[in-house]
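This is a short tour to follow with the structure open in a viewer. Each stop says what to select and what is found there.

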Amino acid sequence: MGITLGPNQYGKAEVRLVTVRRDGPVHHLKDLTVSTSLRGELAATHLTGDNAGVLATDTQKNTVYAFAKEAPVGEIEDFGLRLARHFVGTQENITGARVKIDEHGWNRIPVDGEPHDHAFSRAGDERRTTAVTIRDGRAWIVSGVDGLTLLKSTGSEFHGFPRDEYTTLAETADRILATAVTARWRYQGEDIDWASSHREIRRLMLETFATKHSLSLQQTLYAMGSSVLEARPEVAEVRLSLPNKHHFLVDLSPFGLKNENEVFYAADRPYGLIEGTVLRDDAEDAGPAWDLH
């Protein structure tokens with residue numbers, strides 16, 4: 001029996017990074033989780049323990065902190081591009097880099113109706129994300145959002161599905177539709193106003209979720225992705241993962257009460273997970289953009 005080292009060897013580091021930009025009395029906070037993955041000619045360290053070509057994960061970690069000090073972090077896409085190009089451009093053995101960044105949101109605490117200069121509250125579970133890949137002199141950027149919890153109390157139906165001896169789900173013409181959106185979109189090019197693009201993509205998805213009369217969560221998924229591609233030419237494709245966070249009517253009949261779509265229990269298990277990709281017909285080739293996602 002032969003044993004061979006596989007083609008993909010990576011060195012990975014992950015750090016939490018918080019920066020405070022102090023522009024006079026008004027401070028600006030960035031709270032990030034940064035993950036760096038480097039690939040290249042790393043067989044020797046696996047096979048013989050020769051570490052001459054290894055960029056230590058400690059070095060990767062310190063590079064993230066140093067870059068955050070040397071220049072403002074700015075938009076996470078730009079920060080990821082700077083880091084990835086540095087690793088590939090300065091290390092002979094490194095042929096590719098991926099930098100994944102989650103940005104954790106904070107809001108200024110209002111005091112007497114005005115946002116405080118340097119006091120913040122956590123914005124919740126929602127995170128802005130990006131994954132920057134550098135390989136063969138090219139860059140691919142996939143950005144997105146995690147933990148965006150949405151609900152609408154009407155405007156959603158689900159019926160006409162097959163029924164067999166194991167089906168217990170009742171058909172409905174009026175239900176609560178709730179989900180926690182994980183969305184990823186692949187950009188075409190780099191000359192993009194990242195903050196504006198992210199803001200508009202998020203707005204389009206939210207407005208579509210709110211206004212699209214839904215006959216299924218699948219239909220809503222496609223409508224959300226399509227709305228982005230129709231309005232944002234810088235986006236090649238959108239991938240969405242939408243767990244169906246079920247809300248079931250509570251049976252109040254034992255108490256002589258009618259429940260007319262007013263009282264529900266929210267079930268966290270079991271749930272259905274709906275996933276799909278909406279792709280522009282003339283989209284550029286994805287290359288390694290989705291590797292390791």
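How much space lies in the second largest pocket? About 540 Å³ lies there. A pocket is an open set of points on a 1 Å grid over the protein atoms alone, where a 1.4 Å probe fits, with protein on both sides within 12 Å along at least five of seven lines. The points are joined across faces, edges and corners, and the volume is the space filled by probe spheres set on them.

Before selecting anything, note that this is a predicted model, in which local features need pLDDT of at least 70 and side-chain atom pairs count only at pLDDT 80 or more, while totals for chains, interfaces and linings use all residues. Residues are numbered from 1 along each chain as its sequence is written, and side-chain values use heavy atoms, with hydrogens and water left out.

**Stop 1: the whole protein**

Show the cartoon. The protein has five helices and 10 strands; these are DSSP runs numbered from the N terminus, with helices being H or I of at least four residues and strands E of at least two. Its C-alpha atoms fill a box of roughly 75 × 70 × 40 Å along the principal axes. Of the 293 residues, 41% are buried (under 20% relative accessible area; exposed is over 50%, partly exposed in between, with a 1.4 Å probe and protein chains only).

**Stop 2: the two domains**

Colour residues 7-135 as domain 1 and 137-287 as domain 2; such bounds come from an automatic or database domain assignment. Their C-alpha centres lie 29 Å apart. The contact between them takes 16 residues from domain 1 and 19 from domain 2, where contact means heavy atoms within 4.5 Å.

**Stop 3: the largest pocket**

Select L29, K30, E103, G105 and R128, which lie nearest the centre of the largest pocket among its 28 lining residues. Lining residues have an atom within 4 Å of a point. The elements giving two or more residues to this lining are β1 (10-23), β2 (26-40), β3 (94-111), β4 (114-135) and α4 (194-211). The largest share, six residues, comes from β3. Both domains supply at least three residues each. The volume of this pocket is about 680 Å³.

The lining has 10 nonpolar, seven polar and 11 charged residues. Here Ala, Val, Leu, Ile, Met, Phe, Trp, Tyr, Cys and Pro count as nonpolar, Asp, Glu, Lys and Arg as charged, and the others, Gly among them, as polar.

**Stop 4: back to the second largest pocket**

Select β8 (247-249), which gives the largest share of this lining, three residues. Then add α5 (217-231) and β10 (272-279), which each supply at least two residues. The lining divides into nine nonpolar, eight polar and three charged residues.

**Stop 5: the annotated positions**

Select T57, F158, R175, Q218 and N244, which an unreviewed UniProt entry annotates as "binding site". UniProt positions are given in the numbering used here, feature names are shortened, and annotations may be inferred rather than shown by experiment. Where do these residues sit relative to one another? They span 188 residues in sequence and the farthest two C-alpha atoms are 49.4 Å apart, so they do not all gather at one spot. From this set, F158, R175, Q218 and N244 belong to the lining of the second largest pocket.

Zoom in on Q218, in helix α5. Q218 is partly exposed, at 42% relative accessible area. Finish at T57, in helix α2 (residues 57-70). T57 is also partly exposed, at 41%. Leaving aside residues up to four places away in sequence, T57 touches K12 and A13.
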